[in-house]
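Visitor: I'd like a close look at one part of this protein: the hollows in its surface. Could you walk me through the biggest one, and then whatever else catches your eye along the way?

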Amino acid sequence: MKPGSVIMLIFGAILSLLGFSLALAGAMTAVVNAQGEDGYITSPARSFSIQSFALTSPRIGSIELKDVPADIGTLRLRALSTSTADVFIGVASQADVDRYLAGVNSTELRDLNINPFRAVYRDIPGSRAPEAPGAQDFWVSSAEGPGTQEIDWDLTSGSWAVVVMNEDASSGVSVALQAGIRLGFLAPLAVGLLLVGLFILLIGLVLTVFGAIGLGRGTLPATRPGATPDTPLGAATFVGAGPPGATAVPAHPGGRTFPARLTGTLDEGLSRWLWLVKWILIFPHVVVLLFLWFGFVVTTIVAGFAILFTGRYPTALFQFNVGVLRWSWRVSFYAYSALGTDRYPPFSLASSADYPADLQVDYPERLSHGLVLVKWWLLAIPHLLIVAALTGSATIWRNDEGDSVSNTVPSLIGVLVLIAAVILLFTGRYRRSLFDLILGIDRWIFRVAVYTALFRDEYPPFRLDQGGADTPEAAVTRAPITPAAPAGGAASSTP
């Protein structure tokens, strides 16, 4: 693999994910800012009830807002009395509130537990009755009276406190409080995050595509049965000469062979215990495949648009994406989709004659313009349901005395591989019939992957082709046989 293309693919994937995250954060910030009432992000109303004269906010120390815009944020507070008394709510400096409530029995809100909601208070003892809060002139923002009272206060530097009391300064305060905040920088922040994220995402996607193109160009196409080194991509190949008087025909157009061949050769003398640690051994491949599969998804989308407008799958992207599937199959064959070999998979997109697992896909000369819009999801639904049944673990939910309990059923191929592994552990043998069945399931899965990834327009067969070999069948037709002429005379014809 070309080092430059590898670096481009890796950096492209990282930048794409970073850009997508920033753009998503910007979009979510914009949605939150737009959904608020008058631009305020508001909490639900919560009930508070105390026996003292005043409820005060927690002491949070001094707020320093230096070198920031004046409209950094606005706090909105609403109070509704849930008793017969009218309510007062105000904001003042912590020092003025301390002087006003000196010697007065008050309650400080220390903490809030949201789910379930529970307020934690600290009672401050005192024996003096306070004066009416509305008569004080140190409030920077206040409201009092019946019904819902609301104040808006611009955040500024200093140490501040919020006080909730009865309007007549009587004891026993019961109110429903609601808080909201409007941040002046939220809208510009959302736009900035969105634009920067989209820019980085665009750069990342471009690097990813060009990295994939470079890797695809450096990957030699797999040799197809019946093809020669001079056979161009997309040309029909002929399989089998047939008996005398037979004419060879293209195996793929008229035959039953799917133009993607997945093979796997069961190695002899497999280790009894190595499969127990293969999940650790494949970790380097998993890391590499994360980047490759990101490139696979991006380039498949690009190829889809190319097919839609030109009817052709870009050759370099085709070789790259087939290489990603081939790499994935080799790792799967080594690991827990087959356990068919103990030979470590090569770090390569190209086909390797020395490795016992391979995947080959014939390059299509032309692809349908319209089929690309529906085959990867709508037309593939029957196969996707079957693949889900073969590979997906089912979760069954049931209600047990009010509690939801889930039971997970493992996948079919997972159970089969586990059975094969246990037999291998105790007997040192891999049952051939079990291996053939597992390879048949794997072949079905990868045929569907080839179809949904837009490589071919041929619909995958509903057929479990078992065994490690996937060689195209010889498709031959007999030429018409001319009857031999009678001895000593001309051939007669029948009308």
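**A look into the pockets**

Guide: Let's start with what the walls are made of: sorted by class, the lining of the largest pocket holds 23 nonpolar, four polar and two charged residues. Keep in mind that this is a predicted model. The volume of this largest pocket comes to about 780 Å³. Its lining counts 29 residues, and those nearest the centre are Ser-57, Pro-58, Leu-77, Leu-109 and Ala-179. Now, which elements give two or more residues to that lining? They are β2 (46-50), β3 (54-56), β4 (73-81), β5 (87-93), β6, β10 (160-166) and β11 (173-183). Of these, β10 gives the most, with five residues.

While we're at β6, follow the chain a little further. β6 spans 106-113, and the loop between it and β7 (118-124) is the place of Pro-116. The peptide bond joining Asn-115 to Pro-116 is cis, with an omega of about -5 degrees. That's worth a pause, because most peptide bonds are trans.

Next comes the second largest pocket, with a volume of about 590 Å³. Here 22 residues form the lining, and Phe-296, Thr-300, Ala-449, Thr-452 and Ala-453 lie nearest the centre. This time helices do the supplying: α6 (283-310), α7 and α10 each bring at least two residues to the lining. The largest share is from α6, which puts in eight residues. As for class, you'll find 15 nonpolar residues, six polar and one charged in this lining.

Two of those helices lead us on to a pair of leucines. Go past α7 (315-334) and, in the loop that runs to β14 (357-361), you meet Leu-339. Its phi is near 55 degrees, a positive value in a residue that isn't glycine. Go past α10 (432-452) instead, and the loop before β17 (476-478) holds Leu-454. Leu-454 isn't a glycine either, yet its phi is positive, at about 75 degrees. Why point these out? Because most residues other than glycine have a negative phi.

So are these two leucines buried or exposed? The cut-off for buried is under 20% relative accessible area. Leu-339 has 3% relative accessibility, so it counts as buried. Leu-454 is at 5%, so it is buried too.

Note on methods. Residues are numbered from 1 along each chain as its sequence is written. This is a predicted model: local features need pLDDT of at least 70, side-chain atom pairs count only at pLDDT 80 or more; totals for chains, interfaces and linings use all residues. Side-chain values use heavy atoms; hydrogens and water are left out. Helices (H or I, at least four residues) and strands (E, at least two) are DSSP runs, numbered from the N terminus. Buried means under 20% relative accessible area, exposed over 50%, partly exposed in between (1.4 Å probe, protein chains only). On a 1 Å grid over the protein atoms alone, a cavity is a set of points where a 1.4 Å probe fits but cannot get out, and a pocket is an open set with protein on both sides within 12 Å along at least five of seven lines; lining residues have an atom within 4 Å of a point. Grid points are joined across faces, edges and corners, and a volume is the space filled by probe spheres set on the points. Ala, Val, Leu, Ile, Met, Phe, Trp, Tyr, Cys and Pro count as nonpolar, Asp, Glu, Lys and Arg as charged, and the others, Gly among them, as polar.
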